[in-house]
Structure formats: structure tokens, C-alpha cells
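Subject: Structure for your files

Hello,

Here is the structure I said I would pass on. Please open it alongside these notes.

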Amino acid sequence: MRLSRLPVATQKEAPADAEIVSHQLMLRAGLIRKLAAGIYTWLPMGLRVVRKVERIVREEMDAAGGLELIMPSVQPGKLWRESGRWDFYGPELLRFTDRHDREFCYGPTHEEVITDIARRELRSYRQLPVTFYQIQTKFRDEIRPRFGVMRAREFVMKDAYSFHLDKASLDETYQVMYRAYSAVFERTGLKFRAVEADSGAIGGEVSHEFHVLADSGEDAIAFSNASDYAANVEAAPVPRPSGERAAAGDAMQKVATPGAQSIAEVSDMLSVPPERCLKTLFVCGDNDDVVALVLRGDHELNAIKAAKITGVADPLKMAGAAQVRSAAGAAPGSVGPVGLSCRIYADHAAALASDFVCGANEDGFHFKSVNWDRDLPEPETADLRNARAGDPSPDGQGTLEIARGIEVGHIFKLETKYSEAMQATVLDTGGKSVAMPMGCYGIGVTRVVAAAIEQNHDERGIIWPAAIAPYQIMIVPLNLPKSARVREASEKLYERLQQKGYEVLFDDRDARPGVKFADCDLLGIPVRLVIAERGIDAGTIECKSRREPDPEHIAADELDAYLDSRLGSGSS
């Protein structure tokens, strides 16, 4: 492609509301343009990257035995009512009615639709297992769309769904998809990690997330320094601490703590380290009551774990100030477990604390030297906190480290969550009607593009992995309008490289060399070839890999070998 024919100009500065690197660079490089909050147009250069990711995904899904179809974006509300998700899914589900007052939604995912297809088309175990997939636009009405296409409302996703006769078949396909996803992210040139995860609103008991490792990642990943164990921090269990609780010391006493609301403020005022302060958090129960959750002051509540506790509302909802005062007699910041009549659950580490500080359930006061079993009853215990660096690995090997990741893929074992609710059954080998266990497998195609930039960039712009770069090579002629020799050499090289199968961007603009070089770096083209009078005379071409600091002067007859070593043999 000749760059002079691309009407989209690059930009020196990104809009002020572009918070992260991928959003800034995608706007500056002319890959996307914002239409509305969380809704973007993919311009020609950006769409080329999306299509390359789609092609890799499609090839790996086909190799894994997937059958491609396409389902409607607009879905009948009655299907979502059948599955029980119409109200449960929440405000992210964009609901509307047609002219006949029938309920519809714009699909954020397609479990209901594919289950409806399966119950209509699948009758016998002989048709199983089967995996359907599509690559399609989704819509989720994010309350705060941000970070460009990273957390957009409209996005392109590959979603696949498998149907089985039994759990063993589901387990087998799950592993096939795990390997297929690993192949996708290896082929796209990304550094990634597969981690155990929570299934969220999709459902199911077992799931893995695939994360592109990047400092800007929204998710925290816990992984062992001595094994292959890895999990989202939300899903990583924290083993019960070993050892016994220390013996009680001084008698409990109430002390004034005027103005001290946070753990940090109380710790500083009483000269007690945060780990010896216990915080009490009130959450809504499942019967319009409240439940108290007690953690060490230096630990963070894990909402996913807390919501799984008997009697706690799911999804987790923090109690309001009025509910807290009704239950404890004080405002948040001065509450504690002593004397409470509601249900109390203590994190394992909090239950081992002795001589601790906690709120006195009186505004402006705390208790010191509090001990379980002496000053208040032994609590029910549970794993309530996020894992953190230095915790023992749940598999018993090594300790945990924490890294940041961007979720780009998620696979689930749905079991019979949808097939039972929607009566998607087949006849088994004995002629008995059974609900089909299901699997669900998603890749955020447009998110992969942004994640690739977050992981691969420098101060000058994008550094695309070669497999998904919009173009592989950029030819940059110098003094093109005035030099017939440069024009002739550039045109010949452009034609020859295209014939060899390379994707070539020809910067034929009448612009200064510095502008051309800057745009090449911003766009992230893997290889830049500079054609100049001096090189023509010397029989060389200035070649620069986007990942290398300095250019090389390569003999013209050695150019093919140079390109093969950086890009492969011209396959695009």
C-alpha cells in the first residue's frame, strides 16, 4: 500500500482522556477513532491487525475441531429468562423492546442462543461431542468504559461452545481448547500466562483465564516461584496459616481514638502495626440482614471468596452506613466484632491474632488487647482475603509472586448450568434423555490488539509482533520527488517484495525523512528499508528492525536473507 493513499494522518499528541499507552498509541497511529463512550471505529490500519488476530484464532479453532457459525447479535429476552440470567446479569445487559413490546437484548455473550440451537439440532449421543464457534461483535453496557478498546462497550470476540454426553468428554475438549488458546497467543507473539480463575456471571465450576503480562494490566496474577501454579488473585486460595495462636496477654481495655477511622490512622495513633489491628466489614446477607467479616488490617477482602460464604449475598454488596450503625451501634471506622449479635466470619489469619486492636462499636473508641475465646466467642473461619506476594503457594511448592496481567481469553466448564435450565438434552447409549454438559471458550479479539501494544512499545510508538503487524515492511525513499534513481529503485523493490508475499507499506509522501521515520516507528512496522542515492551507489540498503536500536547497511543481494531472518519467507 502507498501511504499517500491513506487519508488517516498520524498525530503527535493523544487526547487528554487517553489514559493508557495502548489507547494513546492507537489514536496517534490512526488505528481507531472514537464514536461514543466505549464505541470505536476501526480504521484501515487497525482493521488489518484485527483481521490478522482473527485469522490466527480461526486457524487454531478449526484445527481443534471447531465448527464456525454466526449467531444474531440481537437476542430474545425469553431465552435469557429461561436461563435465569435476564435479571441476574445486571445493567451491563443492554435491554430493549421492539414495536410489539417484545423483550430483546444486544448480546454480550451467546450461551442462551447456542443452547437453543443445540436443543433443536442435537438429538443423539452420536452427534457428540461438537464445538461451535463464532467471531462476532458483542456489546456490554459498561458503567465506565475506559482505556480505549481495552474496556469498551462494543468489541469483537471469538466465543465457542462445546456440547458433550458426559463429563469425561467435556474434560477432554477443555484440554484441547486450553492447548488451542496457548497456540493462539504463542502465534501472536505475546508473553502470556494461563491462570485459574473465577467463572463470574458466565457460570460453571472450573475456568482458566489467559493473561498477557504487562505492567498496565488490570488484573493481579499470583504465581508460584517454584512450580507452574498460577491463578488470578481473586481465585487463588490462601492456605490456613500453620502454628497456634499466641497466648492472651493484658486485659482488654477501651481507648479513645478521636478522628481515627482507617487502619493506618488507628495503627499510627496507638503505635500498633497494621497486622495486629483487625478490621470488621459489614456485608449484606441473603435475608435482608448483615454479616460481619473480620480481617487483619494489612489484608484485603476478596469479594469473590466472600460471596461464596453461606448466608452472604451473591454478588457481594457492602452494607450501608445505616445498616452498620443498626448492627454495631457505631459508624464504619469504629466497629469491631466484640458484642455483635450478627453472624461473624473471620479470615484464617485474623482468627490466629491475639492481643489485637479492633473497633469498640462506639464512635471514636477502639479496644486494645482483645483476644478470641476470652473477650468474644471463637469465630467461624473462612478464606476471605486476596493472596499476596510471599504467601505459601496453594500447591505447597514455593511462595507466591504477583504480576499484572491483561485478560485476553477465558475458558469455562459450564457443566449443565444452561442445558438443564433450557432442557437441552440428548439420548444416551441406553436411550435415556440426559442434559448435555457444556464448555464455553472466549477470546477478546480487539482486546488482544490493545494488549499487544501494552506489552510491546517504547517512547517512539508501537512495536508489533511480526505475526500481527498491519504491514511487515515499510519502504522509506529519501528525496523521492527529486531523484529519479530513488524512485525507480523504490518502485522496483516495492513490486518485488510484494511478489514474494510480503506486506509492504510504501511511504511515497513528499515529507521530510524525520517525519517518515517517526511515523514508521509510531506505526510499529517490523522492518524499515531506506532507499537513498548513497545506498544505490554503494549497492546497499539501510535496514532497521523496529526491535533493534541501530540500522544495518545490507548488500542489495543479501536483502532476502535479512528479511527471512526477521520475518520469515514472505508469508502474509
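Below are notes on the core, one helix and one pocket. Please keep in mind that this is a predicted model.

Core. The largest nonpolar core is made up of 62 residues, and Met26, Leu31, Phe185 and Trp464 have the most contacts inside it. A further core of 26 residues lies apart from it, with Leu79, Ile114, Val434 and Met436 among its members. To look at the surroundings of Leu31, leave aside its neighbours within four places in sequence: Leu31 is then in contact with Met26, Thr41, Trp42, Leu43, Met45, Gly46, Ile453, Ile462 and Trp464.

Helix 14. This helix covers residues 513-523, and its buried residues are Lys516, Asp519, Cys520, Asp521, Leu522 and Leu523. They pack against two helices, helix 1 (21-28) and helix 2 (44-63), and against strand 25 (461-462), strand 26 (473-477), strand 27 (504-506) and strand 28 (527-531). After helix 14 comes Gly524, with a positive phi near 75 degrees.

Pocket. The second largest pocket has a volume of about 280 Å³. Its lining consists of 21 residues, and Lys279, Thr280, Leu281, Gly333 and Val335 lie nearest the centre. Helix 7 (263-270), strand 14 (278-284) and strand 17 (356-359) each give two or more residues to this lining. Strand 14 supplies the largest share, 5 residues. Sorted by class, the lining has 13 nonpolar, 7 polar and 1 charged residues.

Regards

Key
Residues are numbered from 1 along each chain as its sequence is written. This is a predicted model: local features need pLDDT of at least 70, side-chain atom pairs count only at pLDDT 80 or more; totals for chains, interfaces and linings use all residues. Side-chain values use heavy atoms; hydrogens and water are left out. Buried means under 20% relative accessible area, exposed over 50%, partly exposed in between (1.4 Å probe, protein chains only). Helices (H or I, at least four residues) and strands (E, at least two) are DSSP runs, numbered from the N terminus. Contact means heavy atoms within 4.5 Å. A nonpolar core is a set of buried Ala, Val, Leu, Ile, Met, Phe, Trp, Tyr and Cys residues joined through side-chain atoms within 4.5 Å. On a 1 Å grid over the protein atoms alone, a cavity is a set of points where a 1.4 Å probe fits but cannot get out, and a pocket is an open set with protein on both sides within 12 Å along at least five of seven lines; lining residues have an atom within 4 Å of a point. Grid points are joined across faces, edges and corners, and a volume is the space filled by probe spheres set on the points. Ala, Val, Leu, Ile, Met, Phe, Trp, Tyr, Cys and Pro count as nonpolar, Asp, Glu, Lys and Arg as charged, and the others, Gly among them, as polar.
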